[in-house]
Amino acid sequence: GDVAIVGGKSASLGEMTSKTAVPVPYGFATTAYAYRYFAEKSGLGEEIKALIAGLTDVENGPMLRQVSKQIREAIMAAEMPDDLAEAIRNAYHELGEKTGENQPFVAVRSSATAEDLPDASFAGQQDTYLNVRGADEVIARVKECYASTFTDRAVYYRTMSGFDHLEVALSAV
(Lines give C-alpha, C1' and ligand atoms only; values in the text may rest on other atoms or scores of the structure.)
Protein backbone atom coordinates (compact mmCIF):
# COMPACT_ATOMS: atom_id res chain seq x y z
CA GLY A 1 0.00 0.00 0.00
CA ASP A 2 3.01 2.34 0.30
CA VAL A 3 4.34 1.97 -3.26
CA ALA A 4 3.16 5.47 -4.20
CA ILE A 5 5.09 6.91 -1.23
CA VAL A 6 8.32 4.88 -1.08
CA GLY A 7 8.38 2.85 -4.29
CA GLY A 8 8.20 -0.87 -4.89
CA LYS A 9 11.58 -1.82 -3.46
CA SER A 10 11.07 0.07 -0.20
CA ALA A 11 7.49 -1.13 0.19
CA SER A 12 8.59 -4.74 -0.29
CA LEU A 13 11.37 -4.35 2.29
CA GLY A 14 8.83 -2.88 4.70
CA GLU A 15 6.52 -5.85 4.18
CA MET A 16 9.38 -8.28 4.80
CA THR A 17 10.33 -6.41 7.97
CA SER A 18 6.84 -6.29 9.43
CA LYS A 19 5.29 -9.55 8.24
CA THR A 20 8.09 -12.14 8.10
CA ALA A 21 11.00 -13.40 10.11
CA VAL A 22 13.38 -12.70 7.22
CA PRO A 23 16.36 -10.70 8.49
CA VAL A 24 16.31 -7.35 6.73
CA PRO A 25 19.18 -4.89 7.30
CA TYR A 26 18.31 -1.59 8.94
CA GLY A 27 17.68 1.24 6.58
CA PHE A 28 15.55 4.22 5.72
CA ALA A 29 13.93 5.67 2.64
CA THR A 30 13.34 9.12 1.33
CA THR A 31 9.80 9.44 0.02
CA ALA A 32 8.21 10.44 -3.25
CA TYR A 33 7.24 13.62 -1.40
CA ALA A 34 10.93 14.34 -0.77
CA TYR A 35 11.68 13.85 -4.48
CA ARG A 36 8.88 16.21 -5.47
CA TYR A 37 9.92 18.68 -2.76
CA PHE A 38 13.47 18.67 -4.15
CA ALA A 39 12.13 19.32 -7.67
CA GLU A 40 9.81 22.08 -6.46
CA LYS A 41 12.29 23.90 -4.21
CA SER A 42 15.03 23.78 -6.83
CA GLY A 43 12.71 24.90 -9.63
CA LEU A 44 13.43 21.76 -11.64
CA GLY A 45 9.82 20.94 -12.46
CA GLU A 46 9.45 23.55 -15.18
CA GLU A 47 12.97 23.00 -16.48
CA ILE A 48 12.43 19.24 -16.83
CA LYS A 49 9.06 19.83 -18.45
CA ALA A 50 10.66 22.14 -21.04
CA LEU A 51 13.53 19.75 -21.73
CA ILE A 52 11.24 16.73 -22.06
CA ALA A 53 9.10 18.72 -24.53
CA GLY A 54 12.21 18.90 -26.75
CA LEU A 55 12.29 15.12 -26.98
CA THR A 56 10.11 14.81 -30.04
CA ASP A 57 11.33 11.38 -31.15
CA VAL A 58 12.36 8.88 -28.48
CA GLU A 59 13.58 6.54 -31.25
CA ASN A 60 16.18 9.14 -32.22
CA GLY A 61 19.11 7.88 -30.13
CA PRO A 62 21.24 11.04 -30.19
CA MET A 63 18.21 13.19 -29.29
CA LEU A 64 17.22 10.83 -26.47
CA ARG A 65 20.78 10.82 -25.08
CA GLN A 66 21.08 14.60 -25.29
CA VAL A 67 17.76 15.43 -23.62
CA SER A 68 18.24 12.79 -20.91
CA LYS A 69 21.75 14.06 -20.23
CA GLN A 70 20.56 17.68 -19.98
CA ILE A 71 17.90 16.69 -17.44
CA ARG A 72 20.37 14.68 -15.33
CA GLU A 73 22.84 17.58 -15.42
CA ALA A 74 20.12 20.01 -14.31
CA ILE A 75 19.22 17.73 -11.39
CA MET A 76 22.86 17.38 -10.36
CA ALA A 77 23.40 21.14 -10.58
CA ALA A 78 20.40 21.83 -8.34
CA GLU A 79 20.95 22.43 -4.63
CA MET A 80 19.48 19.90 -2.22
CA PRO A 81 17.18 21.90 0.09
CA ASP A 82 18.80 22.33 3.50
CA ASP A 83 15.87 20.84 5.43
CA LEU A 84 15.78 17.75 3.20
CA ALA A 85 19.54 17.30 3.46
CA GLU A 86 19.26 17.62 7.25
CA ALA A 87 16.48 15.00 7.37
CA ILE A 88 18.65 12.56 5.39
CA ARG A 89 21.65 13.37 7.60
CA ASN A 90 19.57 12.67 10.73
CA ALA A 91 18.20 9.40 9.34
CA TYR A 92 21.72 8.26 8.48
CA HIS A 93 22.87 9.14 12.01
CA GLU A 94 19.97 7.12 13.49
CA LEU A 95 20.90 4.22 11.22
CA GLY A 96 24.44 4.38 12.57
CA GLU A 97 23.11 4.24 16.13
CA LYS A 98 21.00 1.16 15.29
CA THR A 99 23.97 -0.62 13.73
CA GLY A 100 26.44 0.48 16.37
CA GLU A 101 28.66 2.15 13.78
CA ASN A 102 29.48 5.83 13.58
CA GLN A 103 29.45 5.98 9.77
CA PRO A 104 28.13 2.70 8.38
CA PHE A 105 28.68 1.70 4.79
CA VAL A 106 25.34 1.61 2.98
CA ALA A 107 23.83 0.95 -0.40
CA VAL A 108 21.79 3.83 -1.79
CA ARG A 109 19.19 2.42 -4.15
CA SER A 110 16.49 3.91 -6.30
CA SER A 111 12.92 2.81 -5.72
CA ALA A 112 10.54 4.28 -8.28
CA THR A 113 6.93 4.80 -7.30
CA ALA A 114 5.85 3.09 -10.52
CA GLU A 115 8.08 0.04 -9.98
CA ASP A 116 6.69 -3.40 -10.62
CA LEU A 117 3.16 -2.45 -11.54
CA PRO A 118 0.97 -5.20 -13.00
CA ASP A 119 1.27 -3.67 -16.47
CA ALA A 120 4.88 -2.42 -16.33
CA SER A 121 8.18 -3.08 -14.60
CA PHE A 122 10.53 -0.20 -13.84
CA ALA A 123 12.92 -2.33 -11.80
CA GLY A 124 16.52 -1.80 -12.87
CA GLN A 125 15.76 1.44 -14.72
CA GLN A 126 17.38 3.67 -12.08
CA ASP A 127 20.78 3.55 -10.39
CA THR A 128 22.22 1.95 -7.25
CA TYR A 129 25.35 3.01 -5.36
CA LEU A 130 27.24 0.61 -3.10
CA ASN A 131 29.73 1.17 -0.28
CA VAL A 132 28.55 4.71 0.43
CA ARG A 133 29.84 6.10 3.71
CA GLY A 134 29.11 9.36 5.49
CA ALA A 135 26.02 11.55 5.53
CA ASP A 136 27.28 13.94 2.85
CA GLU A 137 28.02 11.03 0.51
CA VAL A 138 24.56 9.55 1.17
CA ILE A 139 22.96 12.91 0.32
CA ALA A 140 25.02 13.14 -2.88
CA ARG A 141 24.01 9.61 -3.92
CA VAL A 142 20.34 10.32 -3.19
CA LYS A 143 20.58 13.21 -5.64
CA GLU A 144 22.27 10.90 -8.16
CA CYS A 145 19.41 8.45 -7.71
CA TYR A 146 17.00 11.30 -8.40
CA ALA A 147 18.95 12.11 -11.57
CA SER A 148 18.86 8.47 -12.65
CA THR A 149 15.09 8.83 -13.05
CA PHE A 150 16.13 10.31 -16.40
CA THR A 151 18.60 7.78 -17.75
CA ASP A 152 18.15 7.14 -21.47
CA ARG A 153 16.67 3.70 -20.78
CA ALA A 154 14.22 5.02 -18.16
CA VAL A 155 13.02 7.87 -20.38
CA TYR A 156 12.65 5.50 -23.33
CA TYR A 157 10.78 2.89 -21.28
CA ARG A 158 8.36 5.42 -19.75
CA THR A 159 7.68 6.96 -23.15
CA MET A 160 7.05 3.60 -24.80
CA SER A 161 4.87 2.49 -21.84
CA GLY A 162 2.82 5.69 -21.87
CA PHE A 163 3.88 7.00 -18.45
CA ASP A 164 4.14 10.72 -17.76
CA HIS A 165 7.75 11.58 -16.90
CA LEU A 166 6.66 14.24 -14.42
CA GLU A 167 4.21 11.96 -12.60
CA VAL A 168 6.76 9.27 -11.73
CA ALA A 169 8.60 10.02 -8.51
CA LEU A 170 11.48 8.27 -6.84
CA SER A 171 12.30 7.13 -3.37
CA ALA A 172 15.92 6.52 -2.44
CA VAL A 173 16.43 3.60 -0.04
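**Helix packing, core and sheet in a predicted model**

Helix 3 meets helix 4 through Leu44, Glu47, Ile48, Leu51 and Ile52 on one side and Val67, Gln70, Ile71, Ala74 and Ile75 on the other. The model is predicted. The axes of helix 3 and helix 4 lie 9 Å apart, and the packing angle is about 170 degrees. Angles over 145 degrees count as roughly antiparallel. Helix 3 is therefore roughly antiparallel to helix 4.

Helix 4 also packs against helix 6. The two axes come within 9 Å and cross at roughly 155 degrees. This angle makes helix 4 roughly antiparallel to helix 6 as well. The crossing is right-handed. Helix 4 contributes Arg72, Ile75 and Met76 to the contact. Helix 6 contributes Lys143, Glu144, Tyr146 and Ala147. Ile75 thus appears in the contact with helix 3 and in the contact with helix 6.

The largest nonpolar core holds 39 residues. Within this core, Ile75, Met80 and Tyr146 touch the most other members. At least two core residues come from each of helix 2 (32–42), helix 3 (44–53), helix 4 (61–77), helix 5 (82–99), strand 1, strand 2, helix 6 (135–147) and strand 3. Helix 6 supplies the largest share, seven residues. Of the core residues with the most contacts, Ile75 and Tyr146 also take part in the packing of helix 4 on helix 6.

Met80 was examined with residues up to four places away in sequence left out. Its contacts are Phe38, Ala85, Ile88, Ile139, Val142, Lys143 and Tyr146. Phe38 falls within helix 2. Ala85 and Ile88 fall within helix 5. Ile139, Val142, Lys143 and Tyr146 fall within helix 6.

Ala78 sits in the loop between helix 4 and helix 5. Is Ala78 buried or exposed? Its relative accessibility is 9%. Residues under 20% count as buried, so Ala78 is buried. With residues up to four places away in sequence not counted, Ala78 touches Phe38, Ser42, Leu44 and Lys143. Phe38 and Lys143 are also contacts of Met80. Ala78 and Met16 are 62 residues apart in sequence. Their C-alpha atoms are 35 Å apart in space.

Three strands form an open sheet in the order 2-1-3, with antiparallel pairing. Strand 2 and strand 3 are the edge strands, each pairing on one side only. Neighbouring strands are turned by 20 degrees against each other on average, direction ignored. Helix 1 (residues 3–19) packs on the sheet and touches strand 1 and strand 3. The direction of helix 1 makes about 120 degrees with that of strand 1.

Strand pairing was then resolved into bridges. Strand 1 (residues 105–112) and strand 2 (residues 128–133) share four bridges in the antiparallel sense. Val106 has Val132 as its bridge partner in strand 2. Strand 1 is joined to strand 3 (residues 170–172) by three bridges, and these strands also run antiparallel. Here Leu170 of strand 3 stands opposite Ala112.

Asn131 belongs to strand 2, an edge strand of the sheet. Its relative accessibility is 64%. Residues over 50% count as exposed, so Asn131 is exposed. With neighbours within four places in sequence set aside, Asn131 is in contact with Phe105 and Val106. Phe105 and Val106 both fall within strand 1. Asn131 and Glu101 are 30 residues apart in sequence and 14 Å apart in space, C-alpha to C-alpha. What is the sign of phi at Asn131? Phi is near 55 degrees, a positive value in a residue other than glycine. Most residues other than glycine have a negative phi.

Methods
Residues numbered from 1 in each chain as written. Predicted model: local features only at pLDDT ≥ 70, side-chain atom pairs only at ≥ 80, totals over all residues. Heavy atoms only, no water. Pairing = 2+ DSSP bridges. Core = buried A, V, L, I, M, F, W, Y, C linked by side-chain atoms within 4.5 Å. Buried < 20%, exposed > 50% of the residue type's maximum accessible area, 1.4 Å probe, protein only. Contact = heavy atoms within 4.5 Å. Axes fitted to C-alpha atoms, helices over the stretch in contact; angles between N-to-C directions. Parallel < 35°, antiparallel > 145°, perpendicular 65-115°, else oblique. Left-handed = near helix turned anticlockwise from the far one by under 90°.
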